[in-house]
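Q: Please take a close look at one part of this predicted model. I would like to see how the loop before the third helix sits, and what surrounds it in the rest of the chain.

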Amino acid sequence: MKKHKYPEVNRRARFKKRNLGYLPLFDNPYPSYDVRSVDMHHVNRIVCVPLPHRTHMLTKGRDSLKHKQHCKEWVQKLFLIDIDYLLRP
């Protein structure tokens with residue numbers, strides 16, 4: 001196995017290339033010319049919701065619970081959707 005000079009950077013690159021697959025809850029409501037500034041946030045393993053890139057990346061890092069909570073609050077503010085109630089069995 002090849003040793004990399006900066007293993008942390010390589011790990012991030014591999015992480016970004018992974019194929020999660022998703023089922024959008026609804027279509028992208030933002031203009032089509034602005035697609036680069038929209039991220040799909042995974043609400044669970046399957047369902048995704050479009051969020052503006054800057055909003056999605058406000059809380060990033062290793063604390064995934066904080067990221068999920070922050071994004072859930074923004075989904076509720078932007079789209080008036082309670083994700084927990086919507087996806088409840």
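A: A residue counts as buried when its relative accessible area is under 20%. T59 has a relative accessible area of 18%, so T59 is buried. Its place is the loop between α2 (53–56) and α3.

What does T59 touch, leaving aside its neighbours within four places in sequence? The contacts are K66, H67 and H70. Take H70: it lies 11 residues from T59 along the chain. The C-alpha atoms of T59 and H70 are separated by 7.1 Å.

Now the helix that follows the loop. α3 covers residues 64–79. Among the elements of the chain, α3 has the highest mean pLDDT, 90. Helix α1 (residues 7–17) has the lowest, 57. Where pLDDT is low, the predicted coordinates should not be read in detail. For the chain, the mean pLDDT is 78, and 72% of residues reach 70 or more.

α3 also feeds the largest nonpolar core. That core has seven residues: V49, L51, C71, V75, F79, I81 and I83. Three of them come from α3, the largest share. Both β3 (47–52) and α3 supply at least two residues each. In soluble globular proteins, nonpolar side chains tend to be buried together.

F79 belongs to this core. Not counting residues up to four places away in sequence, F79 touches V49, P50 and L51. F26, P29 and Y30 are also among its contacts.

Elsewhere, there is a nonpolar patch on the surface. L25, L86 and L87 form this patch. Together they have about 220 Å² of accessible area. L87 lies in the segment after α4 (83–86). Is L87 partly exposed or buried? With 33% relative accessibility, L87 counts as partly exposed.

Last, the setting. The chain has four helices and three strands. From the N terminus on, the order is α-β-β-β-α-α-α. Of the 89 residues, 20% count as buried, and T59 is one of the buried residues. The chain exposes about 7,800 Å², with 56% of it supplied by carbon and sulfur atoms. Among contacts between residues at least 6 apart in sequence, 37% join residues at least 24 apart.

Technical notes:
Residues numbered from 1 in each chain as written. Predicted model: local features only at pLDDT ≥ 70, side-chain atom pairs only at ≥ 80, totals over all residues. Heavy atoms only, no water. pLDDT = per-residue confidence, 0-100. Core = buried A, V, L, I, M, F, W, Y, C linked by side-chain atoms within 4.5 Å. Buried < 20%, exposed > 50% of the residue type's maximum accessible area, 1.4 Å probe, protein only. Contact = heavy atoms within 4.5 Å. Patch = residues over 30% accessible without salt bridge, like charges linked within 9 Å, V, L, I, M, F, W, Y side chains within 5 Å. Areas by Shrake-Rupley, 256 points an atom, 1.4 Å probe, with all protein chains shown as cover. Salt bridge = Lys/Arg side-chain N within 4 Å of Asp/Glu carboxyl O.
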